[in-house]
Amino acid sequence: MREMITYAGQSGKFNFRVAGVAFDRTGERVLIHRAITEPFWTLPGGRVEMREAAGAALVREMLEELHVEVKIERLLWLVENFFEYEGKPWHEIAFYFLMTFPPDCLLYDHSEPFSGDEEGIELIFQWQAIDTLEQRYLLPSFLGASLKSLPDGVEHLVHTDTLL
């Protein structure tokens, strides 16, 4: 049985998440996704399992959702993210990695949104132009500006979203 690192307590929820930043071949679009039932977009990824390294969790999640083995290039951000979702406060620790798909990956050829699956939940993936990210409801909200200029090293961010 899979044991994701998430906790629901009386005062809120905790989550350990990984996410990947993938650019298309031109470097002008980034891959975003959302659950079909959600109004907001995020970077693809998921929850880390107990005793699983963060990079390995991202590779696993991309295999599960897109059936593609990604290459982890480097860690970009370590984020302490605070937000409210479905009426509950959340405390999330998230690792954001720069990742690449194999050069011959067919995902690069999509110009329209395409589907993926997360344990029976339909996901919608889309390549979004970097200069139009702030027009999307992309969470966490720091990503709209930060994806336009990636850090040279790892950045630690403490971020709060009050939009949900």
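Glutamine 128 is buried in this predicted model, with a relative accessible area of 8%. The cut-off for a buried residue is a value under 20%, so glutamine 128 falls within that class at 8%. The residue belongs to strand β8, which spans positions 121-129. Its surroundings can be described by the contacts that glutamine 128 makes. Setting aside residues up to four places away in sequence, glutamine 128 touches Glu28, Arg29, Val30, Ile32, Leu133 and Arg136. There is also a polar contact at 2.8 Å, which joins the side chain of glutamine 128 to the side chain of glutamine 126.

Strand β8 leads on to the largest pocket, since β8 is among the elements that give two or more residues to the lining of that pocket. The other elements that do so are β2 (12-21), β3 (29-35), β4 (45-47), α1 (54-66), β5 (71-85) and β6 (88-100). The space within the largest pocket amounts to about 970 Å³. In general terms, such empty space is revealed by rolling a probe the size of a water molecule over the atoms. The lining consists of 34 residues, and these divide into 14 nonpolar, eight polar and twelve charged. Nearest the centre of the largest pocket lie Asn15, Arg17, Glu38, Phe40 and Tyr85.

The backbone has further features in its loops. Histidine 67 is located in the loop between α1 and β5, two elements that also contribute to the lining of the largest pocket. Phi of histidine 67 is near 60°, a positive value in a residue other than glycine. An exposed residue is one with over 50% relative accessible area; histidine 67 therefore counts as exposed, at 67% relative accessibility.

A positive phi, near 50°, is likewise found at glutamate 119, again a residue other than glycine. Glutamate 119 is placed in the loop between β7 (114-118) and β8. With a relative accessible area of 58%, glutamate 119 is exposed, whereas glutamine 128, in strand β8, is buried at 8%.

The loop between β8 and α2 (143-146) contains proline 140. The peptide bond leading from leucine 139 to proline 140 is cis, and its omega is near -5°. Strand β8 is thus flanked by two loops with backbone features described here: the loop from β7, with glutamate 119, and the loop to α2, with proline 140.

Terms used: Residues numbered from 1 in each chain as written. Predicted model: local features only at pLDDT ≥ 70, side-chain atom pairs only at ≥ 80, totals over all residues. Heavy atoms only, no water. 1 Å grid on protein atoms, 1.4 Å probe; cavity = no way out; pocket = protein on both sides within 12 Å on 5 of 7 lines; lining within 4 Å. Points joined across faces, edges and corners; volume = space filled by probe spheres on them. Helix = DSSP H or I, 4+ residues; strand = E, 2+ residues; numbered from the N terminus. Nonpolar A, V, L, I, M, F, W, Y, C, P; charged D, E, K, R; others polar. Buried < 20%, exposed > 50% of the residue type's maximum accessible area, 1.4 Å probe, protein only. Polar contact = N/O pair within 3.5 Å; in protein donor to acceptor, adjacent residues only side chain to side chain. Contact = heavy atoms within 4.5 Å.
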